Amino acid sequence: MIKVSVMYPHSKGARFDHAYYRDKHMPLVKRRMGDACLYYTVDKGIAGGAPGSEPVYVGRCDIFCESVDSFQTAFGPHAKEIMADIPNYTDIQPLMQVSEVVVERS
């Protein structure tokens, strides 16, 4: 299994609409990717590691898929539409990382 992490670095004065991201953008991603997106999570940064510090990321998501190929096959045809939605909720340039999930426990 792989995890695609999309992270929005915190910066003073940046705009990020958490409700839009949670209620509209990520459901759009899931609809377009279909079953290739096994599930996803959405995080809202509230603090950094030190008391009173700002979060490293104001928002982020993790998209879980069986493989890099399944992600690319499902996301690729819709990438333009999904990326075009970003200005609707933020002016932050997202960072992206693909990871292999080596442990998953509940």
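## A four-stranded sheet with three helices

In this predicted model, 4 strands form an open sheet in the order β2-β3-β1-β4, and the pairing is antiparallel. Strands β2 (39-44) and β4 (95-100) stand at the edges with a single partner strand each, so one side of each is left without a neighbour in the sheet. On average, neighbouring strands of this sheet are turned by 15 degrees against each other, direction ignored. Strands are DSSP runs of E with at least two residues, and helices are runs of H or I with at least four, numbered from the N terminus. Two strands pair if DSSP finds at least two bridges between them.

Residues are numbered from 1 along each chain as its sequence is written. Local features need pLDDT of at least 70 and side-chain atom pairs count only at pLDDT 80 or more, while totals for chains, interfaces and linings use all residues; side-chain values use heavy atoms, with hydrogens and water left out.

Strand β1 (residues 2-9) pairs with β4 in the antiparallel sense over 6 bridges. Lys3 has Ser99 in β4 as its bridge partner.

Read along the sequence, the protein chain follows the pattern β-α-β-β-α-α-β. Two of the helices lie across strands as follows (axes are lines fitted to C-alpha atoms, for helices over the stretch in contact; angles run from 0 to 180 degrees between N-to-C directions).

| Helix | Lies across | Angle |
|---|---|---|
| α1 (residues 18-33) | β1, β2 and β3 (57-65) | about 20 degrees to β3 |
| α2 (residues 68-75) | β1, β3 and β4 | about 60 degrees to β1 |

In α2, Phe71, Ala74 and Phe75 are buried. Seen down the axis of α2, these buried residues fall within an arc of 90 degrees, so they line one face of the helix; the arc is that of the directions from the helix axis to the C-beta atoms. The buried residues of α2 pack against β1, α1, β3, α3 (79-84) and β4. Asp69 and Thr73 are exposed, on the face of α2 turned away from its buried side. Buried means under 20% relative accessible area and exposed over 50%, with partly exposed in between (1.4 Å probe, protein chains only).

Of the 106 residues of the protein chain, 35% count as buried. Among contacts (heavy atoms within 4.5 Å) between residues at least 6 apart in sequence, 78% join residues at least 24 apart. The C-alpha atoms of the protein chain fill a box of roughly 40 × 35 × 20 Å, taken along the principal axes.
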